[in-house]
Amino acid sequence: MNGRVMIEAAEWVERLDAASDDSTRAQFDHWHAQPGHKVAYDAVVDAREASAALADHPDMLALRHATVARVALARAPRAPRRTAPWLLAAAACAAVVAPLAWLRLADDGAPASRIASAPTYRTATGQRLMVTLTDGSRLTLDTDSRVRVAYSDSERRLVLERGQALFEVAKHQPRPFVVFAGSHAVTAHGTAFDVRLDPGTVQVALVEGLVSVATSGGQVRPVKMVPDDVLTASTTGISVRHVPGMALALSSWSEGRLVFEDTSLRHAVAEMNRYGTPQISIADASAGAVRISGSFRTGDVQPFLDALELGFPVTVDRRADGRIRIATKKYR
C-alpha cells in the first residue's frame, strides 16, 4: 500500500477527531473517494481500534515505547521530511501500538539558532504518548497535552505548552534538563517528575531524584524538592506538600490509571472527564462532596460508575443522549 496515502489517512483520522465542520467533512469526502484511499483509511481506523484494546497490557506498553523510540532515533539525518504522523510507528508493529497524536520529528540536537524548528509532541483527548529523546530521557504525555522540545548545545530545554507530562531524565549528562511550564522552570538532576499545567496553576510532583523550581523574574529563591514533594504554584504563591506515595499516585495516569485517595467526587469526576466521553456531571453539592478512594482505568467510566452505585450514597442517571448525571441518593 502507498506509504504517502497511509500517512494522509492517519492525518485524516486525527483531523476528523479534532473537527467535524462541513468544510472539513467535504474535503475528507473528496479525498476518501479517490482510488485506494478508503482502504488506507479503514486500515488506520482498524489499527486504532485494535490497539486501544491492548494499550495497557504490559507487553504492549513496552513494544509501543520501543517502537516510538525507534522512529524518533533512527531517522536518517539527511532526510528532508521534518514531520511524520504517528502512522510511522503504527506501521512498524501493525495494530499493537496505541493511538498516538501528531509526532513531529526534527533534529533534537539543533543549535539555539534553530530552536524554531524543534519537534513538538502532542496528544488528543483520551490519548497517551511515550517518546525517548535523543539523550535517552523519556517523555510521556497525558491526554490533550503538548510539549515542545528545544534542545540546544548548552541546555536540554522542554516547554510544556498544555496539559500534563511525566519526565524521566537521563543521568550523567553535561547539559541541564529544564522544563518550562507557564512562568516556572523545573530543573532536574537525573530524576523522574510529573508536571501539570492548568489555567493559572502549575503542579510539580517529584517521583524520584532532585529538582528545583524557579519562577520567572527571579524575585523568589528557587524551591528545592525531594521525592514525594508536590509543589503547587499559582498567582497566590507557592506551596509544597510532602506525602509518601502522593507523587506516584499523581503520575499513575502514565500507566493508564487514575488513583484517588480520599478525593472528593467532584474532583474525581473532573479527572475522569479529561479523558473523553461520555461526560459526567454532578447534580448537587452533597454528591460532589462525597469522598472516594480507588484506582480506575483512564477513559473507562463504567467501572467507576459501578463502584459509585455499589459503595457510595449516590445515584447514577444514564441518559438517552449519552450524558451521565450523579446525584445524592434519596432514602425513603
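Which residues form one aromatic cluster? I looked that up before anything else: Trp12, Phe28, Trp31 and Tyr41 do.

**Ground rules.** I am working on a predicted model, where local features need pLDDT of at least 70, side-chain atom pairs count only at pLDDT 80 or more, and totals for chains, interfaces and linings use all residues. Residues are numbered from 1 along each chain as its sequence is written, and side-chain values use heavy atoms, with hydrogens and water left out.

**Aromatic pairs.** My rule takes rings of Phe, Tyr and Trp (its six-membered ring) as paired if their centres lie within 6.5 Å; planes under 30 degrees apart are stacked, over 60 edge-to-face, and the rest tilted. By this rule I get 9 aromatic pairs. I picked out Phe28 and Tyr41, a tilted pair with 4.9 Å centre to centre and 55° between the planes. Phe28 sits in helix H2 (residues 22–32) and Tyr41 in helix H3 (residues 37–54), so this pair ties together parts that are 13 residues apart in sequence. Helices (H or I, at least four residues) and strands (E, at least two) are DSSP runs, numbered from the N terminus.

Are these two rings buried or exposed? I use under 20% relative accessible area for buried, over 50% for exposed and in between for partly exposed (1.4 Å probe, protein chains only). Phe28 is buried at 5% relative accessibility, and Tyr41 is buried at 16%.

**Phe167.** Next I went to strand E5 (residues 156–168), where Phe167 has its place. Phe167 counts as buried because its relative accessibility is 0%. I listed its contacts (heavy atoms within 4.5 Å). Leaving out residues up to four places away in sequence, Phe167 touches Arg138, Leu139, Leu158, Phe177, Val179, Thr191, Ala192, Phe193 and Val195. I also checked Ser137: its C-alpha atom is 7.4 Å from that of Phe167, although the two are 30 residues apart along the chain.

**Salt bridges.** I count a salt bridge when a side-chain nitrogen of Lys or Arg is within 4 Å of a carboxyl oxygen of Asp or Glu. How many does the whole structure hold? My search finds 16 salt bridges.

Arg138 and Glu168 meet through their side chains at 3.0 Å, N to O. That pair links distant parts of the chain, with Arg138 in strand E3 (residues 138–141) and Glu168 in strand E5, 30 residues apart. Arg138 is partly exposed at 36% relative accessible area, and Glu168 is partly exposed at 25%.

Strand E5 came up again with Glu161, which bridges to Arg146, the closest N and O atoms being 2.6 Å apart. Glu161 is in E5 and Arg146 in strand E4 (residues 146–149), so I noted another link between distant parts of the chain, 15 residues apart. Glu161 is partly exposed at 30%, as is Arg146 at 21%.

My last bridge was Arg196 with Asp198, at 3.0 Å, N to O. Salt bridges that share partners join Asp142, Arg196, Asp198, Glu271 and Arg274 into one network. Arg196 is buried at 14% relative accessible area, whereas Asp198 is partly exposed at 32%.

**Asn273.** I finished in helix H7 (residues 265–273), the place of Asn273. Asn273 is buried, with a relative accessible area of 16%. Apart from residues up to four places away in sequence, Asn273 touches Pro278, Gln279 and Ile280.
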